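Q: I should like to learn how to read strand pairing and enclosed space in a protein model. Could we work through one case together?

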Amino acid sequence: MTRFICIHGHFYQPPRENPWLEAVEVQDSAYPYHDWNERITTECYAANASSRILDAAGRIDRIANNYARISFDFGPTLLSWLEANAPDTYRAVLAADDESARRFSGHGSAMAQAYNHVILPLASRADKVTQVRWGMRDFEHRFRRRAEGMWLPETAVDVETLEVLATERVAFTVLAPHQAARVRRVGGREWTDVSGGRVDPTQAYLARLPSGRSIVLFFYDGPVSRAVAFERLLDRGEDLVRRIAGTFDDRRGRAQLAHIATDGETYGHHHRFGDMALAFALDHVERQGIARLTNYGEFLALHPPTHEVEILPGTSWSCAHGIERWRSDCGCNSGGHPSWRQAWRGPLRAAFDWLRDTLAERAVAEGRGLFLDPAAARDDYVSVVLDRSAAAVDTFLRRHAHHPLSADERVRALKLLEMQRHLMLMYTSCGWFFDEVSGIETVQVLQYAGRAVQLAQQLFGDGVESRFLALLEQAPSNRAEYGNARAVFERTVRPSMVGLEQVAAHVAVSSLFDAYGDRARVYCYEVERRDRRVQEAGRLRLATERLTITSTITGDHADVACAVVHFGDHNLSCGVRPYDEAAYRVMVRDLGAAFSRADVPEVIRLVDRHFVGPTYSLRSLFRDEQRRILDIILETTLREAEAEVGRLFDHHAPLMHFLASLGAPLPRAFRGAAEQVLNRRLRDELEGERIDLERTRSLLNQATEYKVTLDAAGLTYAMQRHLERLAAELGERPADLELLRRLAGATGVAAVPPFDVNLWRVQNAVYTLRETAYAERRGLAAEAEWRESFEILCELLHIRIV
């Protein structure tokens, strides 16, 4: 067959971790999910690992792993998050690469990606090299093979970037058609101008580089890719196949590759059920023999380039002005705020470039006294990023240390490398992609810059921060409340900057509500409790303790003394200071004596006397723990208030029913009470061990009758989690008929408004039971009742019975 089809998905999310915690904190804009990684994983990454292929009646016939039949790349930082937070999806991605290698002549479909999505033409040569090497090493660590190809962030390219790829033995990359300048036959002399997107995308091209090296370039089909991403071509899988296959032209007289490339999030996140359109299209191509599915590695092995190409340097796939979107007010933006300007982009990059160049020089100078080769140590530091264990760090330092390092030198060496890691993370492309310097993506890169500045201050102790902040003042904000990027930094980044004492305060305060063991892991810190004493008197509590806090990233540690006084509700005060044995004994004695007398004013005075410096409160807690503790504090108060409102609602329910029957609007007070009560009662039902289906239906009917607004997103999420728990239990106990019926009943309720439940996990579990437990019971008279209930469940879940 001379017709080949390849669909490439670029799967990527910017790193969202708090740089001081190495964890993604709650993001309210992703509600009802914890954060955007979790939300997009549900909508896209997990969905493509188990995508549905429907029969003519719209029922699930088969479930397929899309990744095994497409070409794809995943951002290394995203894969790291998936490994820790969505391990089933992570394993499915790796398994798909293995399956694709069997399918495509030994060529796995996964491509590497430059480490944290830096716009490489705007990066220093050193950063280009490290980004590519880290991306390749991360890929090898996860996929257990060397990557053949590498995806360039935003397909941004220049000749130096291609030189770096070729030097690192990357065989190919993929670009947009408008990034090709001219082509000619290999060995030919006459060039043909193909600028403006006129390059023939159906073949591979050889790019010869000034160094004498070369790399293969593929140019995806621009019009079809745009139609998939922006023109609703995924509404029907048949249309997708027809459009891709329509690019073949037998007059070419050679093997042809019809291929498209889009953000992977197109398939499920940007376009709901886009993963299913993709699954249908792939299946349809194979079943109908329209073309042979392939990936870039296989096609290149079968059909090496017959033509050379020269690129248009300084171009990308997502900026009509080349790469200006990441350094100037070029006019490219999201379109959400037409009056806003992006004049902040240039000054922000200038400030980051100054910080990078200033600290790079100092890193090299400092590194010479610690490492045999500072650049080699930096490029190999990804091995530590991938494995933070003490053994891995020891191995790394034995390999690179200039001499056996003392404990202090070891911490200094790791801080130096962490500073350089954050100097790269701050260039993540999303920081410049959108409209406003105070946007969530730009705040994220400012946080990385802030962490680099903090580490530089600890290492070098000079005024790098003051100069950096002065440069940030040149980046204007579109929001009057900020004015410029310095204000954004001070209001959104500064509060996140923590040291070991702040971690100790977090532990001391949160342990009043949820006790830690003598040893605990709190984000990227190890906590050892050396001593703890707690006294209580009614609502008052006093805790004094000695803690040792150790960073698992740098090895930096602190031995501290803490005291927390909790006055009830949200009122508390915490002090932290370096530990001194004699002073600690005096503090414990004095505070304990005053507290035992219930002399609260004296307790407060003693805390002030023993802890000179800042005091900490609930505001000092890390965001997720702060929310959890506030929920604990608010629970009793809210329950009391809700009980009062509930009594009001129940007392006046007959009158509300009468008003509704007349079509009369409910008074505002009644409507507010009904909304609060019905939402709470529904949530309690859905979050309970068992759903009372009749009560749930009654509550939903009341909401409809009184025309109240339900928290559709929150209730849907609660219902989804309930169904997923029941499905998981059924997977473990498939013979449990009562459990099977409970799942079917709850699934039936989930089909009515306001629910819009993502049944993906439930369908996966029941589909598996169809292939196992149901197949085993087929034809057994004793199992007729079970089969009937299972078939009802399949009907509710739109799963075909075979």
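A: Let us begin with pairing: two strands count as paired if DSSP finds at least two bridges between them. The model shown here is predicted. In this model, strand S10 (residues 205–208) and strand S11 (residues 214–219) are joined by four bridges in the antiparallel sense. Within this pair, Leu-206 of S10 lies opposite Val-216 in S11.

Q: In what order do the six strands of the open sheet run?
A: The order is S7-S11-S10-S14-S8-S9, and the pairing is mixed. Strand S7 (172–175) and strand S9 (192–193) are at the edges; each has a single partner strand, so one side of each lacks a neighbour in the sheet.

Q: Which strands does helix H5 lie across?
A: Helix H5 (residues 159–167) lies across S7, S11 and strand S14 (307–311). Relative to S11, H5 runs at about 115 degrees.

Q: How many cavities of 30 Å³ or more are there?
A: Rolling a probe the size of a water molecule over the atoms reveals where empty space remains. Here the count comes to three cavities of 30 Å³ or more, and the largest cavity has a volume of about 50 Å³.

Q: Which residues line the largest cavity?
A: Among them are Ser-71, Met-111, Arg-145, Glu-148, Phe-172 and Asn-295. Strand S5 (110–113) and helix H9 (296–302) each contribute at least two residues to this lining.

Q: How many residues of each class does that lining have?
A: The lining of the largest cavity has four nonpolar, six polar and two charged residues.

Conventions: Residues are numbered from 1 along each chain as its sequence is written. This is a predicted model: local features need pLDDT of at least 70, side-chain atom pairs count only at pLDDT 80 or more; totals for chains, interfaces and linings use all residues. Side-chain values use heavy atoms; hydrogens and water are left out. Contact means heavy atoms within 4.5 Å. Axes are lines fitted to C-alpha atoms, for helices over the stretch in contact, and angles run from 0 to 180 degrees between N-to-C directions. On a 1 Å grid over the protein atoms alone, a cavity is a set of points where a 1.4 Å probe fits but cannot get out, and a pocket is an open set with protein on both sides within 12 Å along at least five of seven lines; lining residues have an atom within 4 Å of a point. Grid points are joined across faces, edges and corners, and a volume is the space filled by probe spheres set on the points. Ala, Val, Leu, Ile, Met, Phe, Trp, Tyr, Cys and Pro count as nonpolar, Asp, Glu, Lys and Arg as charged, and the others, Gly among them, as polar.
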